[in-house]
Amino acid sequence: MVQIAPSILASDFARLGEEVAAVEVAGADLLHVDVMDGHFVPNISIGVPVVASLRRATDLPLDVHLMVSEPHDFIEAFAEAGADWISVHVEVCLHLEGTLAVIKQRGLKAGVVLNPSTPLTTLDEILPEADHVLLMGVNPGFSGQAFIKSVEGKVARLRLRIDEAGLPTLIEVDGGVNQDNAGRLRKAGADILVAATAIFGADDYGAAIKALRAGP
Ligand code: DX5
Ligand code: ZN
């Protein structure tokens with residue numbers, strides 16, 4: 001069954017502990033944490049201290065998505081803060097194999113992220129090293145953007161490739177995921193759906209998570 005990872009980017013940061021407890025009760029499988037540096041993406045969000053606080057506030061695995069220009073420099077700090085999964089963008093990792101190795105040496109799940117316009121061929125040499133591949137459904141930087149339709153086909157093509165290679169790699173989809181496209185993304189082969197607005201923008205987090213997991 002697909003896993004649901006609420007992204008706290010659309011939560012009320014002044015009440016972050018309550019918001020996290022609410023999605024945990026509502027059935028979240030992972031907590032997606034968007035880290036932005038104002039360089040790789042045109043926005044600034046949160047960093048290491050917030051991950052450390054979240055670690056004390058929840059038992060949910062912390063899925064840290066690094067949207068920063070120099071991700072390698074921050075792996076150790078996020079691992080120390082309590083991240084369980086760390087995902088880095090293929091567009092900025094000069095030594096991707098080495099960065100994934102550092103994440104895995106810490107006992108964490110290592111993921112590779114592709115922007116919507118980054119082709120799957122960038123995974124050619126690295127796919128077996130990744131615990132998960134995160135396909136962006138929007139150009140990263142903000143929650144609340146519309147899903148870029150072509151990414152549905154990209155999910156299906158990646159699914160085929162992973163299955164043909166007999167790999168255990170999970171496919172995560174992030175950005176613009178909502179009740180309307182979740183069914184198609186599940187069918188295309190997504191294992192994890194990330195959603196900020198579709199969950200934190202809803203009145204009933206439980207119903208929102210249920211719809212993403214098993215709706216039409
Ligand atoms: C986008 C972030 C996403 C974002 C998703 O840069 O990586 O995780 O929070 O937000 P929604 O679900 O609202 O598109
Ligand atoms: Zn994200």
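Q: What makes His 32, Asp 34, His 65 and Asp 174 donors of the zinc ion (ligand 2)?
A: In this predicted model, they coordinate the zinc ion (ligand 2) at 2.0 to 2.3 Å. A donor is an N, O or S atom within 2.8 Å of the metal. The atoms are NE2 of His 32, ND1 of His 65 and OD of Asp 34 and Asp 174. So they count as donors.

Q: Why is the site of the zinc ion (ligand 2) called octahedral?
A: The site has 6 donor atoms, with angles of 70 to 171 degrees among them. Six donors count as octahedral if opposite ones are over 155 degrees apart and all others between 65 and 115. The site of the zinc ion (ligand 2) is therefore classed as octahedral.

Q: Which spacing do the donors of the zinc ion (ligand 2) follow along the chain?
A: The spacing is H-x1-D-x30-H-x108-D. Asp 34 lies in strand 2 (residues 31-36) and Asp 174 in strand 7 (residues 170-174), so this pair ties together parts that are 140 residues apart in sequence. Both Asp 34 and Asp 174 are buried.

Q: What is the volume of the largest pocket, and which residues are closest to its centre?
A: The volume is about 280 Å³. Ser 143, Gly 144, Gly 175, Gly 176 and Ala 196 are the closest to the centre, out of 26 lining residues.

Q: How do you know that strand 2 helps to line the largest pocket?
A: Strand 2 supplies at least two residues of the lining. Strand 3 (62-67), strand 8 (192-195) and helix 7 (197-200) each do so too.

Q: What makes up the lining of the largest pocket, by class?
A: The lining has 14 nonpolar, 10 polar and 2 charged residues. Gly counts as polar here.

Q: Why is Arg 213 called buried?
A: The relative accessible area of Arg 213 is 17%. Buried means under 20%, so Arg 213 falls in that class. Arg 213 sits in helix 8 (residues 205-214). Beyond four places in sequence, the contacts of Arg 213 include Met 1, Val 2, Gln 3 and Arg 186.

Q: Why does Gly 111 count as buried?
A: Gly 111 has a relative accessible area of 0%. The cut-off is under 20%, so Gly 111 is buried. Gly 111 belongs to strand 5 (residues 109-114).

Q: How do you know that Gly 111 touches His 132?
A: Contact means heavy atoms within 4.5 Å, and Gly 111 is listed as touching His 132. Their C-alpha atoms are 4.7 Å apart, although the two residues are 21 apart in sequence. Gly 111 also touches Ile 86, Ser 87, Val 88 and Leu 100.

Q: Why is Gln 3 called partly exposed?
A: Gln 3 has a relative accessible area of 25%. Buried is under 20% and exposed is over 50%, so Gln 3 falls in between. Gln 3 is found in strand 1 (residues 3-6). Among the contacts of Gln 3 beyond four places in sequence are Asp 29, Leu 170, Ile 192 and Arg 213.

Q: What makes Phe 13 partly exposed?
A: The relative accessible area of Phe 13 is 37%. Partly exposed lies between 20% and 50%, so Phe 13 belongs to that class. Phe 13 is placed in the loop between strand 1 and helix 1 (16-25). Leaving aside neighbours within four places in sequence, Phe 13 is in contact with Ile 8 and Ile 46. The C-alpha atoms of Phe 13 and Ile 46 are separated by 10.0 Å.

Terms used. Residues are numbered from 1 along each chain as its sequence is written. Chains are lettered from A and ligands numbered from 1 in the order in which they are written. This is a predicted model: local features need pLDDT of at least 70, side-chain atom pairs count only at pLDDT 80 or more; totals for chains, interfaces and linings use all residues. Side-chain values use heavy atoms; hydrogens and water are left out. Donors are N, O and S atoms within 2.8 Å of the metal (3.2 Å for Na, K and Ca); water is not among the atoms, so sites may look incomplete. Four donors count as tetrahedral if all angles lie between 85 and 135 degrees; four count as square planar and six as octahedral if opposite donors are over 155 degrees apart and all others between 65 and 115; anything else is irregular. Helices (H or I, at least four residues) and strands (E, at least two) are DSSP runs, numbered from the N terminus. Buried means under 20% relative accessible area, exposed over 50%, partly exposed in between (1.4 Å probe, protein chains only). On a 1 Å grid over the protein atoms alone, a cavity is a set of points where a 1.4 Å probe fits but cannot get out, and a pocket is an open set with protein on both sides within 12 Å along at least five of seven lines; lining residues have an atom within 4 Å of a point. Grid points are joined across faces, edges and corners, and a volume is the space filled by probe spheres set on the points.
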